[in-house]
Structure formats: structure tokens, C-alpha cells
Amino acid sequence: MTDPSYRGQILVFTTPLIGNYGVPLNKTPVDSRDVGVTLESDRIQCTGVVVADVAEKFSHYLAVESLAAWCQRNGVPGITGVDTRAITRLLRDQGTTLGRLAVGPDASAAAPNASDYWDPTTENLVDQASTKQPYVLNPTGDVKIAVLDFGAKANILRALVRRGAAVTVLPWNFDFNKIRDQFDGLFLSNGPGDPNHCMEAAIHLRKTLQEWDRPIFGICMGHQVIGIAAGLDAYRMTFGNRGHNQPVLALASSGSIKAGRVYVTSQNHQYALKLQDPFPQGWEPFFINCNDSSVEGIKSTPQSGKKVWGVQFHPESAGGPLDTIEMFTDFLAECRAHKLQFGSSKNDVMGAAKVEPSLAEASRPVRVSA
């Protein structure tokens with residue numbers, strides 16, 4: 001519910017009982033281990049919640065409030081006492097669907113016209129979810145990573161800082177090329193909505209891919225933006241892939257990933273990159289979904305001389321399996337190897353030199369703007 005990738009969506013939970021563990025205090029220190037929040041952002045990101053049976057009483061040593069109280073405090077409506085199995089079957093038959101929550105007299109009234117429904121995909125949800133100002137986490141880290149924030153889950157940032165990285169989080173449409181020599185690597189985060197709304201970021205990234213030789217890694221929306229910058233097309237899937245048990249087949253080896261092995265992954269996406277033959281020069285498919293054969297990852301070829309990876313799934317999970325969590329370790333290992341071989345980033349060489357006042361190192365909690 002706090003994952004920014006769910007922004008603008010009504011979530012239907014298939015587990016019958018929801019809320020029995022309650023909701024924890026969503027605040028942590030900001031240091032080399034944590035990024036300011038317990039959950040995936042500082043608020044509920046979805047627009048509505050549908051559950052079969054909501055637990056009014058909760059029991060967990062970290063819980064501070066109930067699911068209902070949390071939703072009410074965040075202004076997010078929810079409904080319970082409905083047959084979520086029937087709703088799930090409907091969604092499985094016709095795919096992601098526009099809908100509404102109706103109770104009392106509204107529930108028996110005639111449904112609105114199709115034109116009356118709000119379609120969140122028509123809006124640039126990434127612009128709503130991304131940070132508005134740059135900020136830095138773990139500034140004393142030994143390798144400097146820039147993160148383009150398309151609606152980043154906090155656990156992505158945790159995965160980077162807990163592996164020793166100094167992380168600078170930038171707005172989604174920030175022109176990284178203006179400051180790229182300060183960093184040892186670039187990371188593109190997950191995010192909500194249609195990747196075609198992010199063409200500004202893709203155009204900036206295309207220049208980065210052509211001129212910059214340091215490692216780049218993208219997840220979910222970041223993976224799609226890399227694909228668009230490389231020359232691939234993105235399309236809206238009928239059903240999308242969601243949940244914590246999506247199997248993907250590795251088509252190539254890289255770091256901890258071995259070709260021919262199936263990895264179980266956590267996913268949440270409605271859009272995907274088109275599989276085409278031939279692939280753009282210098283690129284190759286990295287993963288493919290075992291269920292629907294959709295593209296689950298791309299990477300630069302060894303012949304390209306680049307170190308670029310994109311995956312549609314979430315290696316950092318939270319929740320979900322940890323089959324691919326070491327991809328973060330692989331990425332930072334490549335960044336450190338490049339730094340060792342070719343020297344430190346310009347910011348290290350120049351000591352306290354600053355490019356922009358807005359990038360001054362000052363740790364701040366993760367914040368997702370409304």
C-alpha cells in the first residue's frame with residue numbers, strides 16, 4: 001500500500017483476512033542502515049483498498065494502529081465484506097479494470113458512464129511520486145550512486161546504502177549529464193504508470209548511454225526507461241504481472257545471475273518492453289517471464305563495452321523472494337571496480353567542490369511528494 005508504483009490504483013487483496021498485524025510506526029533513523037521510513041514510503045500510495053474481512057483488532061509488538069485507522073488518517077477509502085474471490089476472477093478474465101468503491105444507496109444506483117471514470121494512466125504519475133528536490137543518504141559511503149527517482153521504494157535505497165553506497169536521489173527528469181562525472185554509477189528506480197510519460201528522462205538517458213562508461217542499473221520503470229532510450233518500445237499489458245511468485249528465466253549470465261536458471265521474483269507492473277528481433281545493436285534480452293514470455297530484463301552486450309542492466313522485477317523484494325537480491329551487490333561491485341581501475345569520481349578528486357547548492361550533502365528522510 002505504500003509502494004509508489006501502486007499510486008492511483010484500487011488494490012484488491014486476495015488474502016481473506018487483512019490487518020491482523022496492524023500498522024507499525026513508519027519512522028526510522030537516517031544512517032548507513034536506514035532511510036527514514038519503515039515501509040516503502042511515508043504514506044499510503046494507493047487510491048482505495050478492497051478486503052474480504054478487515055481485522056478491527058490487531059496484534060503485533062511493533063503495531064501502533066489498525067489498518068482502518070491508518071487508512072482514515074491518510075484519507076484513503078476502503079471497503080470490506082465483499083467477495084474478493086469474485087472480483088479476482090473478473091480481473092483475471094478482463095485484466096486491470098477501472099472501478100469505483102460504492103456503499104449504501106450508491107451501491108444499488110446505476111453505474112456511471114464509462115467517461116465518468118478517472119483513468120490514472122492518462123496522467124504522469126511519476127511526476128507526482130518523484131522527489132521534488134535532490135537529497136543525499138549515507139554521504140560517507142565509499143562509492144557514489146545517483147538515483148533517478150521515478151517513485152522509488154524505500155527498500156531500493158536501503159539495499160544501496162546497506163551495501164556502503166553514498167546515494168544522491170534526484171527528480172525523475174533531472175538532467176544527470178550535467179553532474180554525471182561526480183558519480184560512480186547511475187540507478188533508475190521503479191515508479192507508477194505509463195513509461196511513455198517519461199520521454200524526457202529517456203532522452204537524457206540516451207545521451208548518458210552514448211557518452212558515459214560507468215555502470216547503470218534500472219528496476220521496473222527504470223528498466224523500461226532504459227529500454228526506450230536503447231530503442232525499444234513499451235506497451236500496456238492486458239493483465240500485468242503482480243505478486244511475489246513470478247518465475248523468470250535468465251537468458252544470459254552476469255554476476256550472480258546464471259543463464260538457464262529460473263528465478264522467482266516479486267513484480268508489480270502494467271507495462272513491459274516489446275520483444276523484437278533483432279534487438280537494438282549493443283543490447284540483448286536478459287530475462288524472460290516463464291508464464292507469458294514477456295521481457296523481464298535487458299542488458300548491454302559484452303561487445304558494447306558498456307555495463308548496463310535493466311530488470312522488470314524487484315530484486316529488493318519487500319515483500320517477496322530474495323533470489324535476485326545480489327544484483328545490488330553485483331552492480332556496486334562493478335561501480336567499485338570501475339572506480340579502482342579508472343580513478344575516483346570528479347567529486348572525490350576535487351574534494352569539497354560542488355556543482356549545485358541543491359546537491360549539498362545533507363541527509364534527509366525519504367519523501368514522496370503528493
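Trainee: Which residues have the most contacts inside the largest nonpolar core, and what makes such a set a nonpolar core?

Mentor: In this predicted model, the largest nonpolar core has 36 residues, and those with the most contacts inside it are Ile 145, Leu 160, Val 167, Phe 187, Phe 287 and Phe 331. The name applies because the members are buried residues of the nonpolar kinds, such as Ile, Leu, Val and Phe, that are joined through side-chain atoms within 4.5 Å. Helix 5 (residues 154-161) supplies the largest share of this core, 6 residues. A second, separate core has 33 residues, including Phe 150, Phe 174, Ala 201 and Trp 212. In soluble globular proteins, nonpolar side chains tend to be buried together.

Trainee: What does Phe 331 touch, leaving out residues up to four places away in sequence?

Mentor: Taking contact as heavy atoms within 4.5 Å, Phe 331 touches Ile 145, Leu 160, Gly 185, Leu 186, Phe 187, Pro 215, Ile 216, Phe 217 and Trp 309. Ile 145, Leu 160 and Phe 187 also appear, with Phe 331, among the residues with the most contacts in the largest core.

Trainee: How do you know whether helix 5 is largely enclosed or not by the rest of the structure?

Mentor: A residue is called buried when its relative accessible area is under 20%, and 8 of the 8 residues of helix 5 meet that description, so the helix is largely enclosed by the rest of the structure. These residues are Ala 154, Asn 155, Ile 156, Leu 157, Arg 158, Ala 159, Leu 160 and Val 161. Their packing partners are strand 8 (135-137), strand 9 (143-149), strand 10 (165-171), strand 11 (185-188), strand 12 (216-219) and helix 8.

Trainee: Why is a space called a cavity and not a pocket, and how many cavities of 30 Å³ or more are found?

Mentor: A space counts as a cavity because a 1.4 Å probe fits there but cannot get out, whereas a pocket is an open set. The search of the whole structure finds 2 cavities of 30 Å³ or more, and about 50 Å³ of space lies in the largest cavity. Its lining consists of Phe 217, Ser 254, Trp 309, Met 327, Asp 330, Phe 331 and Glu 334, to which helix 8 (residues 326-342) contributes the largest share, 4 residues. That lining divides into 4 nonpolar, 1 polar and 2 charged residues, and Phe 331, one of the lining residues, is also prominent by its contacts in the largest core.

Trainee: What makes Asn 138 and Cys 220 count as buried or exposed?

Mentor: The cut-off for buried is under 20% relative accessible area; Asn 138 has 8% and is therefore buried, and Cys 220, at 2%, counts as buried too. Asn 138 lies in the loop between strand 8 and strand 9, and its phi is near 50 degrees, a positive value in a residue other than glycine. Cys 220, in the loop between strand 12 and helix 7 (221-230), likewise has a positive phi, of about 60 degrees, although it is not a glycine.

Trainee: How do you know which form the peptide bonds from Asp 277 to Pro 278 and between Ala 318 and Gly 319 take?

Mentor: Omega is near 5 degrees for the bond from Asp 277 to Pro 278, which is cis, and about 0 degrees for the cis bond joining Ala 318 and Gly 319. Pro 278 is placed in the loop between strand 14 (262-273) and strand 15 (283-289), while Gly 319 is in the loop between strand 17 (308-311) and helix 8.

Note on methods. Residues are numbered from 1 along each chain as its sequence is written. This is a predicted model: local features need pLDDT of at least 70, side-chain atom pairs count only at pLDDT 80 or more; totals for chains, interfaces and linings use all residues. Side-chain values use heavy atoms; hydrogens and water are left out. On a 1 Å grid over the protein atoms alone, a cavity is a set of points where a 1.4 Å probe fits but cannot get out, and a pocket is an open set with protein on both sides within 12 Å along at least five of seven lines; lining residues have an atom within 4 Å of a point. Grid points are joined across faces, edges and corners, and a volume is the space filled by probe spheres set on the points. Helices (H or I, at least four residues) and strands (E, at least two) are DSSP runs, numbered from the N terminus. Ala, Val, Leu, Ile, Met, Phe, Trp, Tyr, Cys and Pro count as nonpolar, Asp, Glu, Lys and Arg as charged, and the others, Gly among them, as polar. Buried means under 20% relative accessible area, exposed over 50%, partly exposed in between (1.4 Å probe, protein chains only).
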